[in-house]
Amino acid sequence: MIIDNFLDYLKNTRNMSENTLLAYRRDIMAFDRFMRKQGINELERVTNTHIISYLMNLKTEGKTKSTVNRKLASLRSFYRFLQNQGTIRVNPTDDIRSPKIARKEISYLSQEDVKKLLEMPDDSVMGIRDKAILEMMYATGVRVSEIIEMKVPDVNLRMGFVACSGDHGRARIVPMGIPARNAVENYLKNSRNALLKNKKDEEQDGFLFVNYIGEPFTRQGFWKVLKQYGDQADFEEKLTPQTLRNSFAMHMVQNGIGVKSLQELMGHEDIAATQVYFGNTKNRIKDVYDRCHPRAK
């Protein structure tokens, strides 16, 4: 079945997680069911008109623009695969524009607030660990899921990079600056073994960051650590893992990074997710201009 062939391709070449593959399967199977109701039993026979009809049906059903965009992105990938395989000559998703989604304001910390945050942890066992966590998250922009799943061998302190598995995005190597490398090295030497409490690495699968009882972090536990520092700092922006990831991205954009390079660092499958940061920066620059230039208005 061509859907299975497509999913095998994604699994073997894109290193996607089972959850991501299941999402692709659901999207394409839903489209297949819709087409069969229209009398089209072979997805290779689908035309541009069929795709538009399907998207209009999703809108009629009350699906959000983000859901429609995701389903369209799945179909784009599917038909691009068929085109590359020579199964079809024309991609029926070509020339179909994704619905525009109102841009949300991105929550991120100023560079001054990040500096304040990184100086907050003390020299206790827990503080050394927290310092390493905060430095790592800001230095690399990794997702919370990626950092709680990170293993000790994934970090190369000598070369200065971390390897992300890509379970929730593209597998990639992300550089890590000297302050973050020093913080992680300090954690490995002076904190992690104390937190493990005589546990062996194999007992907790070698996870890089562990909680106060030497167990791997849960997502909720990780959020609690950040909330603690956010409450102490009383930032204007709520401190979450996504806030730090956004701060990484926005500060890179403000300092001149290109969209393709940021996409690679962030592990975004769709470049549209990366472009959001560039659009947001333009809005902020316009706000600053209007506020500061004597003849802006």
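## Exercises on a helix pair and a small sheet

Gly127, Arg129, Asp130, Ile133, Leu134 and Met137 in helix H6 meet Phe222, Val225, Leu226 and Tyr229 in helix H10, where contact means heavy atoms within 4.5 Å. The model is predicted, so to speak of local features requires pLDDT of at least 70, side-chain atom pairs count only at pLDDT 80 or more, and totals for chains, interfaces and linings use all residues. Residues are numbered from 1 along each chain as its sequence is written, and side-chain values use heavy atoms, with hydrogens and water left out.

**Exercise 1.** Work out how the residues of the contact of H6 with H10 divide, and how the two axes cross.

*Solution.* The contact residues divide into 7 nonpolar, 1 polar and 2 charged, with Ala, Val, Leu, Ile, Met, Phe, Trp, Tyr, Cys and Pro counted as nonpolar, Asp, Glu, Lys and Arg as charged, and the others, Gly among them, as polar. Next, the axes of H6 (residues 125-140) and H10 (residues 219-233) come within 12 Å and cross at roughly 95°. H6 and H10 are therefore roughly perpendicular to each other, a term that covers 65 to 115 degrees.

**Exercise 2.** Establish the strand order and the pairing in the open sheet.

*Solution.* The 3 strands follow the order S1-S2-S3 with antiparallel pairing, and two strands pair if DSSP finds at least two bridges between them. S1 is joined to S2 (residues 161-164) by 2 bridges, and S2 pairs with S3 over 4 bridges. In the second pairing, cysteine 164 has arginine 172 of S3 as its bridge partner. The edge strands are S1 (155-156) and S3 (172-175), each pairing on one side only.

Terms used. Axes are lines fitted to C-alpha atoms, for helices over the stretch in contact, and angles run from 0 to 180 degrees between N-to-C directions. Angles under 35 degrees count as roughly parallel, over 145 as roughly antiparallel, 65 to 115 as roughly perpendicular and the rest as oblique.
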